[in-house]
Amino acid sequence: MKSKLISLFDGQGIPLTDKQAEDFSVYAKMLVEWNEKINLTAITDDEGICEKHFLDSVLPLTIAEIPSGATVIDVGTGAGFPAIPMRIFREDIKITLLDSLNKRINFLSEVSGALGLSAECIHARAEDGGRNPDLREKFDVATARAVAALPVLAEYCLPYVKVGGVFLALKGPSEDTAAAEKIIAALGGKIERAEEYALPCGDGRKLIVVRKTAPTPKNYPRTTAQIKKTAKR
């Protein structure tokens, strides 16, 4: 797998060190092994993991500027995407992995330990964590590579971001940013850019960069039911 990874990343102008390729290989092996016990991913072949998980997670780092030593929280991280690949590629960043399923947190803790990532793994629902004073507006960057629509993701993620920081939403090319502008503004954010690109296989992607320009009001985030009800309007 190491040679596949190095070749794939080189093709995108992203050189990997031998250690980075080795870390990705260990991560892939653990992902496949744990996936037999708990549902982590539908993608289990080497090519799919390398491109649709690892490269997909790292490409945003070539589009959005992440400061050296930045604190990053990955909200609803699932199997660790995009934050773990970002951390493998950028050793300077500090990652926090938040997920609502404890089985996934156990997996993420094992991966973090095996790779020496020093990641903080937190078992919590996104909206609960966003109201926690220990987490609220404590991070330079929040990331999410989830299937929820942007208005929903923004309310889950922006409460974690410091004023001046960014929320990075890894979305498909059809994501409508206009529908999220009102709630993002209410949360203290502003859409800075939306960059479309594609994976080598041709799958389209859109990275939406939301800048935190003001503190999030205390009444956000709301409950999941309220968030989803508003998003449907």
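**Exercise 1. How many disulfides does the count come to?**

Before we start, a word on the model. It is predicted, so local features need pLDDT of at least 70 and side-chain atom pairs count only at pLDDT 80 or more, while totals for chains, interfaces and linings use all residues. Residues are numbered from 1 along each chain as its sequence is written, and side-chain values use heavy atoms, with hydrogens and water left out.

*Step 1.* Recall the idea: a disulfide is a covalent bond between the sulfur atoms of two cysteines. The rule here asks for a pair of cysteine sulfur atoms within 2.5 Å.

*Step 2.* Try Cys157. The closest cysteine sulfur to its own is in Cys121, 17 Å away, so the two are too far apart for a bond.

*Step 3.* Now try Cys201. The nearest cysteine sulfur belongs to Cys50, at 12 Å, and Cys201 is in no disulfide.

*Result.* The count is zero disulfides.

**Exercise 2. Decide whether Cys157 and Cys201 are buried, partly exposed or exposed.**

*Step 1.* Take the cut-offs: buried means under 20% relative accessible area, exposed means over 50%, and partly exposed lies in between (1.4 Å probe, protein chains only).

*Step 2.* Cys157 has a relative accessible area of 1%, so this residue is buried. Cys201 has 40%, so this one is partly exposed.

*Step 3.* Look at the helix that holds Cys157. Helices (H or I, at least four residues) and strands (E, at least two) are DSSP runs, numbered from the N terminus. In helix 7, eight of its eight residues are buried; among them are Leu150, Tyr156 and Cys157.

**Exercise 3. Which strands pair with strand 4, and in what sense?**

*Step 1.* Two strands pair if DSSP finds at least two bridges between them.

*Step 2.* Strand 1 (residues 71–75) runs parallel to strand 4, with three bridges joining them. In one of these pairings, Asp74 has Thr143 as its bridge partner.

*Step 3.* Strand 5 (residues 161–171) also pairs with strand 4 in the parallel sense, over five bridges. Here Val141 is matched with Val166. Between these two strands the chain passes through helix 7 (residues 150–157), making a right-handed β-α-β crossover. Right-handed means that, with the strands pointing away from the viewer, the path from the first strand over the helix to the second runs clockwise.

*Step 4.* Check the surroundings of strand 4 (residues 139–144). Five of its six residues are buried, so the strand is largely enclosed by the rest of the structure.

**Exercise 4. Find two cis peptide bonds and two residues with a positive phi.**

*Step 1.* Know what to expect: most residues other than glycine have a negative phi, and most peptide bonds are trans.

*Step 2.* The bond from Phe81 to Pro82 is cis, with omega near 10 degrees. Pro82 sits in the loop between strand 1 and helix 4 (83–89).

*Step 3.* The bond from Tyr220 to Pro221 is also cis, with omega near 0 degrees. Look for Pro221 in the loop between strand 7 (204–212) and helix 9.

*Step 4.* Ser118, not a glycine, has a positive phi of about 55 degrees. Its loop lies between helix 5 (102–115) and strand 3 (120–123), and at 69% relative accessibility Ser118 is exposed.

*Step 5.* Glu137 also has a positive phi of about 55 degrees. This residue is in the loop between helix 6 and strand 4, and at 25% relative accessibility Glu137 is partly exposed.
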